[in-house]
Protein chains: 2
Amino acid sequence: MSTLSIGDLARRTGVPVETIRYYERMGLLPKPPRTEGNYRAYEAGHERRLAFVKRSRDLGFGLDAIRALLDLADGADRPCGEVDALARDQLAEVERKIADLTAMRAELQDMLGHCRNDTVADCEIIGRLRGK
Amino acid sequence: MSTLSIGDLARRTGVPVETIRYYERMGLLPKPPRTEGNYRAYEAGHERRLAFVKRSRDLGFGLDAIRALLDLADGADRPCGEVDALARDQLAEVERKIADLTAMRAELQDMLGHCRNDTVADCEIIGRLRGK
DNA sequence: TCTTGACCCTGTAGCGACTACAGGGTGCAG
DNA sequence: CTGCACCCTGTAGTCGCTACAGGGTCAAGA
């Protein structure tokens, strides 16, 4: 056969077996045909779809957005404005998180830079957590 | 009275009422005394402690780390090496997240930069999600 | 043939840090 | 005395997995 077990698919895509089953339950992957012994039997189309999901997850898209992207990807003739909008929303979200984390990093670095390694009573870090 | 209701405390600290009750259940805040009508009655010490928790959360510390920081903050005479270590761990975590998000941002920006706003079939974004 | 072990199945519970009810009680102003 | 804002407990939902428990399947080796 040219079919893949769920374990094969997991190895090829780097997505854990449990996560593949989870994506199926969430409606991101179609239910594959089963073997006589009730094992899932995947084909190349399933692997491509899962790879799409994984790349989208790696870019931080949520499962709802990925469902939408998959739907859009299936309609070849439609304009890609909606795809663009989803990507833009995701970029905005990523930039918001970077801004938050950059502020945290600055404060943590500053706290650590002032640490004189003495007792907790005089600790700059504790002092700032208590309210500067 | 100089005591605060949970709503007062929420307004003063910017921490939602439900979250304050949650922190109490999680052992981050001591159980406050109650009024006759079974309302929580907070004092200044509670407000300081909650402010400490909030500042720590704003820096991204997890609740376990905050519990540890609170314990350390109470022992004034001990050296602050453990505090330092917790802050360093947190900084490393923040830097890891920034690195991940920065890579996502670059890829999203690149995808959007190549979008020629035509049909989904030729869409650069979809194309890259499918596997470049 | 039997057994071992790796794999697969379903269903459910747990994670972190909240958030959102449902279904009730309290307390004060008009 | 009647609203209404506020408070109480307890439980369930969020997101995206992850980790069992308790079983079934299947191929290789003794």
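Helix H1 (6-13) of chain A and helix H2 (17-25) of chain B each supply at least two residues of the surface near DNA strand C. Helices here are DSSP runs of H or I with at least four residues, while strands are E runs of at least two, and both are numbered from the N terminus. A residue is near a strand of DNA if one of its heavy atoms lies within 4 Å of it.

This is a predicted model, in which local features need pLDDT of at least 70, side-chain atom pairs count only at pLDDT 80 or more, and totals for chains, interfaces and linings use all residues. Residues are numbered from 1 along each chain as its sequence is written, chains are lettered from A and ligands numbered from 1 in the order in which they are written, and side-chain values use heavy atoms, with hydrogens and water left out.

**DNA strand C**

Strand C is surrounded by 17 residues. The closest are A:Gly7, A:Arg21, A:Arg40, B:Tyr23 and B:Tyr39. Of the strand C atoms within 4 Å of the protein, 74% belong to sugar and phosphate. H2(B) gives the most to this surface, with 4 residues. By class, the surface near strand C has 6 nonpolar, 6 polar and 5 charged residues. The nonpolar class holds Ala, Val, Leu, Ile, Met, Phe, Trp, Tyr, Cys and Pro; Asp, Glu, Lys and Arg are charged; the others, Gly among them, are polar.

**DNA strand D**

Around strand D there are 18 residues. A:Tyr39, A:Arg57, B:Gly7, B:Arg21 and B:Arg40 come nearest. Sugar and phosphate make up 73% of the strand D atoms within 4 Å of the protein. The surface near strand D counts 7 nonpolar, 6 polar and 5 charged residues. H2(A) gives the most to it, with 4 residues.

**Polar contacts**

A polar contact is a pair of N or O atoms within 3.5 Å; within protein, one must be able to donate a hydrogen and the other to accept it, and residues adjacent in sequence count only if both atoms are side-chain atoms. The table lists contacts to the DNA.

| Residue | Part of residue | DNA atom | Distance |
|---|---|---|---|
| A:Gly7 | backbone | phosphate oxygen, strand C | 2.6 Å |
| B:Tyr23 | side chain | phosphate oxygen, strand C | 2.7 Å |
| B:Tyr39 | side chain | base nitrogen, strand C | 2.7 Å |
| A:Arg57 | side chain | phosphate oxygen, strand D | 2.7 Å |
| B:Gly7 | backbone | phosphate oxygen, strand D | 2.7 Å |
| B:Arg40 | side chain | phosphate oxygen, strand D | 2.8 Å |
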